[in-house]
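Visitor: Can you walk me through this one?
Guide: Yes, here it is.

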Amino acid sequence: MANPNLQLHDDGRLRHFLSVEGLSKQILTDILDTAESFTSVTDRSIKKVPILRGKTVANLFFEASTRTRATFELAAQRLSADILSLDIKTSSAVKGESLLDTLHNLEAMQIDMFVIRHQDSGSAHFFASHVHPGVSVLNAGDGQHAHPTQAMLDMFTIRRHKQQFEGLSVAIVGDIKHSRVARSQIHALNILNTGQVRVIAPPTLLPEHCETLGVQVYHDFDEGIRDVDVVIMLRLQKERMTGALLPSEKEYFRQYGLTAERIKLAKPDAIIMHPGPANRGIEIESSVMDGKQSVILQQVTFGIAVRMAVMSMIASQPGLDG
Amino acid sequence: MANPNLQLHDDGRLRHFLSVEGLSKQILTDILDTAESFTSVTDRSIKKVPILRGKTVANLFFEASTRTRATFELAAQRLSADILSLDIKTSSAVKGESLLDTLHNLEAMQIDMFVIRHQDSGSAHFFASHVHPGVSVLNAGDGQHAHPTQAMLDMFTIRRHKQQFEGLSVAIVGDIKHSRVARSQIHALNILNTGQVRVIAPPTLLPEHCETLGVQVYHDFDEGIRDVDVVIMLRLQKERMTGALLPSEKEYFRQYGLTAERIKLAKPDAIIMHPGPANRGIEIESSVMDGKQSVILQQVTFGIAVRMAVMSMIASQPGLDG
Amino acid sequence: MANPNLQLHDDGRLRHFLSVEGLSKQILTDILDTAESFTSVTDRSIKKVPILRGKTVANLFFEASTRTRATFELAAQRLSADILSLDIKTSSAVKGESLLDTLHNLEAMQIDMFVIRHQDSGSAHFFASHVHPGVSVLNAGDGQHAHPTQAMLDMFTIRRHKQQFEGLSVAIVGDIKHSRVARSQIHALNILNTGQVRVIAPPTLLPEHCETLGVQVYHDFDEGIRDVDVVIMLRLQKERMTGALLPSEKEYFRQYGLTAERIKLAKPDAIIMHPGPANRGIEIESSVMDGKQSVILQQVTFGIAVRMAVMSMIASQPGLDG
């Protein structure tokens, strides 16, 4: 589904940010480097730069979200953009307008960037393939397909702690099958030449032909976590419990919950990540989530810098940014 | 209901914008001319002027709206205003406060402009007749009475394409009876000396004594559309279907839907307008809506410039604006 | 519950604003004096100062509110802050995240100030005791415990009209038992050395051991209102009617409603206050609410200046503000 040409201008600059898949190592590294420069902005007392002054960013959230929506909004504010937040469910959709008509109407309002979260896979690509030149689309999560800014803030967090991806061993644990986060992380880790990408899950929570994604598959957590540098836990969508995909919360925790015992099998300096919101006691033990190896809250903080980076790269003019 | 004195300062400047009715050709032309200057603002890369800096605009939407609400918000942002958006249904109304008390409390917050959409005809006038000197009210649609900024953005769109109103023939098609948009358009077109204003609708969708509004009435679309310069389609509120006002969607489309066939009866360079959101296949054929005579999305764009114009004229000081 | 150390930095500056209880007369007077300086900001044409530029204020309203939420938002805007407004009910709480996790995630977004309204008493203290250094919490009403900015805007209104608190007689009338507003007012009035603080209510609407709060208790309104300088009416929560706490609205009005007759028993220049929204005809006669002794709408206006004052004091740096 990812079309590199759709995401890039002819000169190779980023136009949309729809999926990690299809982007080069260079682009991903540029995002991480640019984000690095923005962490100093968000650390300082006056967290504001004029990069998007006079530009309008529209947040279109068709699915509920706190942290992604809030960090996109803060990123846009800190870049000095004007922001239009639309709760689509309660607005024009009520009047039966099609998605494409909604998009064209918003576009006619001279919106510069759309941040879109939608329950259907491919919706961000759909939007991007229909907007005018000069308008950009940022995917804030589409169905089970992709969540590229989440993956990039995860990469940023890993690089901050481990400096490089070569030689690293990273395990992603949980419901890989339904997770757009996992899908984007796997692409990003591979593009950045991560030593080894492991997925750990029961067979019912793995996509078909999972190996073709460039991962090593483990069904046993104790085996899969051994000597890894990074453990990424996924949120267990409790609604997957029904449908017999899973035995019980208690049994899930026993087999796939990250406990203080289990983390000892990883490298001593392994970091623990989670895209949030976490289910304490289901996929992760409470003490582990709050423990010293956990970098979960740092992920949230870095999320703002990474989203600022993507927005500013998209807003940059040809020839001015190398 | 329109009281010109209520809308104007003693020196003739605009104080409120409640209805087109009762305003002079000069004021309407000033709005169009001022909007013209703002289209250059919204076209440029940094879409921001400091005209309303330090002023507060409160958006009070008692009825759902996407495009009107969003364009008012963008207009206020691009004028650098502070914006307070209140969803009235979920707030103080819950506690049983009267509308007038709500207004007075908001006024006590030193709001400079109220943008009000309300299901009751006359509500904007009611608000305007109770606010203090220095506070202004903009009607964003009240019941079946008026929607003056919509009418003015329609006038702006017509003038852009046809240069002048004299000699033009304009047809408004659909549910005239329940449409605040149609009512405001008819007043605006007549004030601006439009050659001929036609309304085309079944008898059940026409207000009583319609002719007194200064229009020519047609029940037959093919007859009414003949040789017009502008066709304005209205949205069919599907809930009107019930109550036996209308036969069926299919039959409505056959009689009052704008098709590619039908548009050939108008002048070859006729433009097609719609306030949105349109029901494709009910009042307008999909291909016509997206066709080259359609200026429907331009209306949305011009809506921002027109709302900026009205807000800036209202905010202007005596003696400074001629 | 109020812990003065939690609210103050070691050097005595305000860090959080959780409750009036436990703060010194000096601090309360500083808030009133600082608010005085901000009334000139909000009176002038451009109502904007750069004190919170580049800072982020998050509004977390777990309970519905119009005037408190709007005035906090306007106060933050007029101090040039970035604002993140979260409707908690519709966001992460849906996903089952605990309050503390929500707080830590928001904190990771580098929020500088949290404005919190919550139905549970003690929630603001709970948040304040868990945030990092450099992050502040403002209580916008917690359960039946406290509503300190409301109390301070009431104090501001009283001082504006009566110049000083010494020698004044102030009566608070209505549902004292369930009112966080009354509780905060009583503390503030006593800290500021008000001559006499009276509460007037039926026994069922008084907290136990009410006298220990430093008030004189009256059950008879005519007796309690005699010769007071200030009458503060409380909103009657109609849901208290059930449970046999109260006879009927009509009977309540007869015994505890403020009428034009009754106000004659107070001092001739007595002012009438109400935190809003008022129930006309239940706790206050409509003509009294709109009469010349009423300062109810001034309270709303002063609320912005008082909230600006508290926010700016909290944002001030050590050594720069005396």
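Guide: We can take the core, one chain contact and a helix pair in turn. This is a predicted model, in which local features need pLDDT of at least 70, side-chain atom pairs count only at pLDDT 80 or more, and totals for chains, interfaces and linings use all residues. Residues are numbered from 1 along each chain as its sequence is written, with chains lettered from A and ligands numbered from 1 in written order.
Visitor: How many residues has the largest nonpolar core?
Guide: 300. Those with the most contacts inside that core are A:V173, A:V231, B:V173, B:V231, C:V173 and C:V231.
Visitor: What does C:V231 touch?
Guide: Leaving out residues up to four places away in sequence, C:V231 touches C:A171, C:V173, C:I225, C:L258, C:A266, C:A270, C:I272 and C:M273. Contact means C-beta atoms, placed from the backbone, within 7 Å.
Visitor: New topic. How many residues of chain B are in contact with chain C?
Guide: 19, against 20 residues of chain C. On the chain B side, β2 (82–86) and α4 (99–107) are the elements that give two or more residues.
Visitor: And the helices α6 and α7 of chain B, at what angle do they pack?
Guide: About 50°, with their axes 8 Å apart. The two are therefore oblique to each other (not under 35, over 145 or 65 to 115 degrees).
Visitor: Which residues make the contact?
Guide: From α6(B), B:P148, B:Q150, B:A151, B:M152, B:D154 and B:M155; from α7(B), B:V181, B:S184, B:Q185 and B:A188. By class, six are nonpolar, three polar and one charged.

Methods: Core = buried A, V, L, I, M, F, W, Y, C linked by C-beta atoms within 7 Å. Buried ≥ 20, exposed ≤ 12 C-beta atoms within 10 Å, placed from the backbone. Contact = placed C-beta atoms within 7 Å. Helix = DSSP H or I, 4+ residues; strand = E, 2+ residues; numbered from the N terminus. Axes fitted to C-alpha atoms, helices over the stretch in contact; angles between N-to-C directions. Nonpolar A, V, L, I, M, F, W, Y, C, P; charged D, E, K, R; others polar.
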